[in-house]
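Here's a quick briefing to read alongside the model. Have the structure open and click through as you go.

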Amino acid sequence: MSVTTSSRQRARQEGRTPEKPRRQGLTDRQLAIAMVLPAAVLIIIFAVYPFLIAVWNSFSDVDINTGATSFLGLDNYVSIFSTPAILASMGRSIVWTLSNMVLQVVIGVAVALLLNANLKGQGIFRGLVLFPYMVPAIVVALIFRFMFNDVTGVINFGLQKIGLIDEPMSWLSDPDMLMTTIVLVNVWKYSPFFMIVVLARLQTIDSSLYEAVSVDGGGWRHRFTAVTVPAIVPVVLAGMLLRTIWTAYDFDLPFLLSNGGGPGGAAVTVPLEIRHLAFEQQSIGQASALAVVAAILLTGASYFYIRGYGRATKADQ
């Protein structure tokens, strides 16, 4: 007779419920690892491995036909920092990213505050403001290329009708206006992202905090600065972190609206320049070096966002 059987009989004789044998399952740590592992494998395959390949290629001369590489050291990095066209694309990317962040945050926060003010018909407007974010980029580009057309565009027609301009403007063909036009379109499409995250945070603020400020004699300005701003700053910074990365790497809208970069390369940002280096000049090494530099700069920007987020979270507690 086994030990387990005898222990069960002894438990019955003593009037106790015999204990069931324990199954050997996964510990919490093992379960966590098992659930994270599939995502980690995908990240390694589709993010880490390609990035490591890009880093290696950035130090090499790569034959686009055979894939053969020859080590060049820092030559590719020296080349990208001494080529005026590449430096210009970096400058445009900085202007593109900063202008988008400022406008998207300001518009997104302002609209979110309005949608949280219990105004009449706000349910309908909440659905309408989300519409641009749901429209695919290719559709947005086609629509606005038609709207900004020099001859048949509705934008020029409307502005002339209300007397703001005397003659049609070359929104997408004038090098001085092209980048501004693309920024406006991008802001129209992606401002709803900040509207969503800020509105979600506003609806979770405890109303007793506003009541406490009112009891102390504070007006709407004090309620806004003492309660609303500290509450939304962390989510705004988190949203800016994501949108900064996505905007800096944004390829589709600038490429489609400028028809590949526009006259004189007026809308060529870093992603478009990487495409030009890799597929038109067939310089995989320089394209990889430029991509690595962009990743390093964005990592540095992410550090400041994360640091600011940590401070804002502590201040809100």
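Asparagine 100 is a buried residue, because its relative accessibility is 0%, and its place is in helix H4, residues 84-115. Keep in mind that this is a predicted model. H4 is a handy thread to follow: H4 packs against helix H11, and the axes of H4 and helix H5 come within 10 Å.

**Asparagine 100 and its surroundings**

- The side chain of asparagine 100 makes a polar contact with the side chain of asparagine 186, at 2.8 Å.
- Setting aside residues up to four places away in sequence, asparagine 100 touches Val183, Asn186, Val187 and Thr247.
- Asn100 of H4 and Thr247 of H11 both turn up again in the contact between those two helices.

**H4 against H11**

- Helix H11 covers residues 220-248, and the axes of H4 and H11 are 10 Å apart, with a packing angle of about 140°.
- How does that angle classify the pair? H4 is oblique to H11, because the roughly antiparallel label is kept for angles over 145 degrees.
- The crossing of H4 and H11 is right-handed.
- On the H4 side, the residues making the contact are Trp96, Thr97, Asn100, Met101, Gln104, Val105, Val109 and Leu113.
- H11 brings Phe224, Thr228, Ile232, Val236, Met240, Arg243, Thr244, Thr247 and Ala248 to that contact.
- Sorted by class, the H4 and H11 contact has 10 nonpolar, 6 polar and 1 charged residues.

**H4 against H5**

- Helix H5 runs over residues 122-129, and the axes of H4 and H5 cross at roughly 155°.
- H4 and H5 are therefore roughly antiparallel to each other, since the cut-off for that label is an angle over 145 degrees.
- H4 and H5 make a left-handed crossing.
- From H4 come Val111, Leu114 and Leu115, which meet Gln122, Phe125, Arg126 and Val129 of H5.
- By class, this contact of H4 with H5 has 5 nonpolar, 1 polar and 1 charged residues.

**Leucine 202 in H9**

- Leucine 202 sits in helix H9, residues 175-202.
- Leucine 202 has a relative accessible area of 5%, so leucine 202 is buried.
- Neighbours up to four places away in sequence aside, leucine 202 touches Ala112, Leu113, Asn116, Thr228 and Ile232.
- Three of those names are worth a second look: Leu113 of H4, along with Thr228 and Ile232 of H11, also belongs to the H4 and H11 contact.
- Take leucine 202 with alanine 112: the two are 90 residues apart in sequence, and their C-alpha atoms are 8.2 Å apart in space.

**Valine 293 in H14**

- Valine 293 is part of helix H14, residues 284-316.
- Is valine 293 buried or exposed? With 9% relative accessibility, valine 293 counts as buried, because the cut-off is under 20%.
- Beyond its neighbours within four places in sequence, valine 293 is in contact with Tyr77, Ile80, Phe81 and Met90.
- For a long-range pair, try valine 293 and leucine 31: they are 262 residues apart along the chain, and 38 Å separates their C-alpha atoms.

**Serine 60 in S1**

- Serine 60 is in strand S1, residues 60-62.
- Serine 60 has a relative accessible area of 0%, so serine 60 is buried.
- A polar atom of the serine 60 side chain lies 3.0 Å from the backbone oxygen of tryptophan 56.
- Leaving out neighbours within four places in sequence, the contacts of serine 60 are Thr69, Ser70, Phe71, Leu72, Asn76 and Gly285.

**Two loop residues with positive phi**

- Which way does the phi of asparagine 259 point, positive or negative? Phi of asparagine 259 is positive, near 60°, in a residue other than glycine.
- Asparagine 259 lies in the loop between helix H12 (252-257) and helix H13 (270-280).
- At 64% relative accessibility, asparagine 259 is exposed, because the cut-off for that label is over 50%.
- Glutamine 282 has a positive phi too, near 55°, and is a residue other than glycine.
- Glutamine 282 is placed in the loop between H13 and H14.
- With a relative accessible area of 43%, glutamine 282 is partly exposed.

Key
Residues are numbered from 1 along each chain as its sequence is written. This is a predicted model: local features need pLDDT of at least 70, side-chain atom pairs count only at pLDDT 80 or more; totals for chains, interfaces and linings use all residues. Side-chain values use heavy atoms; hydrogens and water are left out. Helices (H or I, at least four residues) and strands (E, at least two) are DSSP runs, numbered from the N terminus. Buried means under 20% relative accessible area, exposed over 50%, partly exposed in between (1.4 Å probe, protein chains only). A polar contact is a pair of N or O atoms within 3.5 Å; within protein, one must be able to donate a hydrogen and the other to accept it, and residues adjacent in sequence count only if both atoms are side-chain atoms. Contact means heavy atoms within 4.5 Å. Axes are lines fitted to C-alpha atoms, for helices over the stretch in contact, and angles run from 0 to 180 degrees between N-to-C directions. Angles under 35 degrees count as roughly parallel, over 145 as roughly antiparallel, 65 to 115 as roughly perpendicular and the rest as oblique. A crossing is left-handed if the near helix is turned anticlockwise from the far one by less than a right angle, and right-handed if clockwise. Ala, Val, Leu, Ile, Met, Phe, Trp, Tyr, Cys and Pro count as nonpolar, Asp, Glu, Lys and Arg as charged, and the others, Gly among them, as polar.
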